Amino acid sequence: MNAGSAARNGRRAGMALLLVLAAIVLVLLAVGGSLTALRLSRQAVQLRAQDDHLAQGLAAGEQIAIAWLRANAREVVLPLEGGGITVLDDRLEVAHGGVAIQVRLFDELGMIPAHLLHTTGPLRGALPPGWSGLIVPQVARERLEHPSDLLETIPLLGRQRFPRASPARAWIWRDGAVAVRAPPPLVGVTSTRDLSLAEVAGFRSHPRLNVNTAPEPLLRAAGAFLEVGKSTVDEWCTRRRKGQFTGAPAGISHERAHPLLMVESSDAWNALVTVECDGIRRAWWVMIAGNARTFWIVQRHDASR
């Protein structure tokens, strides 16, 4: 074999080796791509399952809130300090780990009606600490069946719009602007926290205030505005401290600009539904309306922010 033939054979062998190596590289790339696609597919399935758990938990929390209201809304009595009711605080085990769910209810008729919160509103002085600078436009009363966007549009000045999840009693409403004797200290409550806007004002509460759920400073301010006797307000507070229900309370204002009515029970509630799965948390602030026979959802807000 001459030198030329040997060179040609060498080049052919080199090309064959290169082709084999290229084929091996392509196979490895294909395998790697398949593994990557499989991993991404598994991640997508896991994320979809996670999203499903979160969505199902939020929907289940709404139904739990409604079921609780159907059974209890007519005669709810809250401590004089006010706050919400935790009706569920649990953890469920599912295929991809644990899902924590909490449902906390807030009575809109236990808050300051939004139409009395503008600068000339008669209950402005009953604002809890930290909200004295709140700017609320003078608004017309909302109809219960028509959702309001005021909750989302009022400037907050750096404060929270929605409450955070909390398994315990959330806060004590005290305010020096209202001349009221401080309520007795609560066992197990060591400090207060900042209230959110959604806990301060009832944007769908109409001109009504529930004497069985509103904080004492708010009851005192409303009693003074409605010219209810101090002894009557004292009796309400005494009954509340004992956990007793007050029926058919007196007190009504027919003022065109500042209507207000004392009531014994509520048909406007808010539910904070919080679900956490694999470290991801979702929360809804759900506005609920109705009565003992039926309750329905009138509006949802994203409270995860």
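This passage describes a small set of strands, the helix that lies across them, and a buried histidine in the predicted model.

Three strands make up an open sheet. Their order is β5-β7-β6, and the pairing is mixed. The edges are formed by β5 (208-210) and β6 (252-253), each of which pairs on one side only. Strand β7 spans residues 260-263 and runs parallel to β5. Three bridges join β5 and β7. Within this pairing, L209 stands opposite M262 of β7.

Helix α4 covers residues 216-225 and lies across β5, β6 and β7. The angle between α4 and β7 is about 125°. Eight of the ten residues of α4 are buried, so the helix is largely enclosed by the rest of the structure. The buried residues are E216, P217, L218, L219, R220, A221, A222 and G223. They pack against two strands of the sheet, β5 and β7. Their other packing partners are β3 and α5 (230-241). After α4 comes E227, which has a positive phi, near 60°.

Strand β3 (112-113) also leads into the loop that holds H115. This loop runs between β3 and α2 (150-153). H115 counts as buried because its relative accessibility is 5%, under the 20% cut-off. A polar atom of the H115 side chain lies 3.1 Å from the backbone oxygen of P259.

Methods
Residues numbered from 1 in each chain as written. Predicted model: local features only at pLDDT ≥ 70, side-chain atom pairs only at ≥ 80, totals over all residues. Heavy atoms only, no water. Pairing = 2+ DSSP bridges. Helix = DSSP H or I, 4+ residues; strand = E, 2+ residues; numbered from the N terminus. Contact = heavy atoms within 4.5 Å. Axes fitted to C-alpha atoms, helices over the stretch in contact; angles between N-to-C directions. Buried < 20%, exposed > 50% of the residue type's maximum accessible area, 1.4 Å probe, protein only. Polar contact = N/O pair within 3.5 Å; in protein donor to acceptor, adjacent residues only side chain to side chain.
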